[in-house]
Every structure is written in C-alpha cells, then in structure tokens.
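Take a look at the chain below. Turn it around slowly, then follow the text from one part to the next.

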Amino acid sequence: MARTKEFDPDAALQRAMELFWHKGYEATSMADLVEHLGIGRASVYATFGSKRELYLKAYDRYLENGVDFVGLLSRPGPVLPAVRALVERYADEAARDTLHRGCMVVNTAVELAPHDRTAARRVEANWDFVEGTLTSALARARAQGELSAGKDPRALARFLLTLLQGIRVMGMGSQDPARLRDTAAVALSVLN
C-alpha cells in the first residue's frame, strides 16, 4: 500500500522558493532544504526530484507570484501612468527589501544562466515576456498620443526592462532608498 504524503507539497515548494531566493542555488544545501522544509531528504527527492529540479520549480513559483505585467499595463485609458507606477513600484520594493533578496530572475541569470541552458532559457523567456508586454503598452501609448511618434516602443521597453532588473540588483546592496527612487525618476524622464 502506498503511503500518503505527510506534508503539503505546495507549501513545501513555497518554502523552498523563499530559501533559494534568499540564499541562492549554490549556497543552499540539501541539508538546508530538508531543515527548512521540515521533510525528509527522500521525500524531497520523491516529490520534487533533484535540488536543481526543485530550484527550477521554485523559480517557476516565483514567477507565478510575481508582478502582473499584463494586468497593470493593459488597462483601458492612458498607459504612461501605469508604466511610471510599475517602475516606481520596483524602486519602492527594492528600497524596502530588508532581506536584500533582489529578484529571483536576476539571481538566476547571474548564478545559473551562464552554465545552465535550461535556467538561461527560463530567464530569457521571462525577459522576452516583460519586454513584449512593455512594447505593446508603449506602442499603445504612442498610438494614443502619449509618446511622440519618434519614440521606439521596443527600444524603450528594452531600456525599461534593463532598468527594472538593475533596480533589483541595486536593491540587494544599497542602503540608500533615495538612490533607487532617483534612478527611477530620471529614467522615467525618457518617456516625456
């Protein structure tokens, strides 16, 4: 007779995501996972696979819990206030990140993507999604007369994507919230 799981896999995945996000992939040992999740090593392997497989599932969970770019940027009406609010939100969240976790996408890009093709593809897919969503929103802003005809929505989207990821990196090390907010404000001036 098969044994039933004595833990909630969804809650365990959430806890694994939090641990990986805080410590990173390499710094998180299987012993750390067993202790943090409160389940046995065999249960971790049986439920999630290897540490790497668990990390990739935790990465996917992070994205599921992340910013709803489409919801924020596809509302009817003016677009640029939503874009500005998104950038300001990133700066505020980074400034308030007392654990200095940054962004799990950025962390994965730095730690795993250079030598893990699967992780690199996941990071690139996320960046493509964010860039595409921003491009669509900025094209709509240009069509509505909020952006001048000479502004390239795709180039602006790429700039904003890089800015957002950079804000997350700066938030990991900066103790000065004004640095992040000032950066966001200056960057947003390109939309004028």
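**A walk through the helices**

R61 touches D10, L13, Q14 and M17, leaving aside residues up to four places away in sequence. Keep in mind that this is a predicted model. R61 itself is found in helix α4, which covers residues 51–64. Is R61 buried or exposed? R61 counts as buried, because its relative accessibility is 9% and the cut-off for buried is under 20%.

Now step back to the whole chain. There are 10 helices and zero strands. Read along the sequence, the pattern is α-α-α-α-α-α-α-α-α-α. The C-alpha atoms fill a box of roughly 65 × 40 × 30 Å, taken along the principal axes. The chain has 192 residues, and 42% of them count as buried.

How do parts of the sequence meet in space? Consider the contacts with a separation of 6 or more. Residues 24 or more positions apart account for 69% of them. The surface can be described too. The chain exposes about 10100 Å², and carbon and sulfur atoms supply 55% of that area. Charges are the next item. The chain has 25 positive and 24 negative charges. Their mean positions are 2 Å apart.

Next come the rings. A pair of aromatic rings is described by the distance of the centres and the angle of the planes. How many aromatic pairs does the structure hold? It holds five. One of them is formed by F20 and Y55. Their centres are 4.9 Å apart, and the angle between the planes is 75°. This pair is edge-to-face. It links distant parts of the chain: F20 is in helix α1 (residues 9–23), Y55 is in helix α4, and 35 residues separate them. Both F20 and Y55 are buried.

Y55 has a second partner, Y25. Y25 and Y55 also form an edge-to-face pair, at 5.3 Å centre to centre and with 80° between the planes. This pair, too, links distant parts of the chain. Y25 sits in the loop between α1 and α2 (30–37), while Y55 is in helix α4, 30 residues apart. Y25 is buried, because its relative accessible area is 13%. Y55 is buried as well, with a value of 1%. Together, F20, Y25 and Y55 form one aromatic cluster.

Rings can also have a charge over them. K51 lies over the face of Y25, at 4.3 Å from the ring centre. Elsewhere, R168 lies over the face of Y90. There the distance from the ring centre is 4.0 Å.

Go back to helix α1 for a moment. E18 is placed in this helix. Its relative accessible area is 33%, so E18 is partly exposed. How far apart are E18 and Y59 in sequence and in space? They are 41 residues apart in sequence. In space, their C-alpha atoms are 9.8 Å apart.

Now find helix α7, residues 104–111. Why is helix α7 described as largely enclosed by the rest of the structure? Six of its eight residues are buried, so the description fits. The buried residues are M104, V105, V106, N107, T108 and A109. What covers them? The cover includes α1, α4, α8 (117–143) and α9 (153–173).

Just look at the loop between α6 (80–96) and α7, and you will find H100. H100 has a positive phi of about 55°, although it is not a glycine. H100 counts as partly exposed, because its relative accessibility is 25%.

The last stop is E131, in helix α8. Is E131 buried or exposed? E131 counts as buried, because its relative accessibility is 13%. Which residues does E131 touch, not counting residues up to four places away in sequence? They are R154, A157, R158 and L161.

Definitions and conventions:
Residues are numbered from 1 along each chain as its sequence is written. This is a predicted model: local features need pLDDT of at least 70, side-chain atom pairs count only at pLDDT 80 or more; totals for chains, interfaces and linings use all residues. Side-chain values use heavy atoms; hydrogens and water are left out. Helices (H or I, at least four residues) and strands (E, at least two) are DSSP runs, numbered from the N terminus. Buried means under 20% relative accessible area, exposed over 50%, partly exposed in between (1.4 Å probe, protein chains only). Contact means heavy atoms within 4.5 Å. Accessible areas come from the Shrake-Rupley method with a 1.4 Å probe; for residues, only the protein chains shown count as cover. Lys and Arg count as positive and Asp and Glu as negative; His and the chain ends are not counted. The place of a charge is taken as NZ of Lys, CZ of Arg, CG of Asp or CD of Glu. Rings of Phe, Tyr and Trp (its six-membered ring) pair if their centres lie within 6.5 Å; planes under 30 degrees apart count as stacked, over 60 as edge-to-face and the rest as tilted. A charge sits over a ring if NZ of Lys or CZ of Arg is within 6 Å of the ring centre and within 35 degrees of the ring normal.
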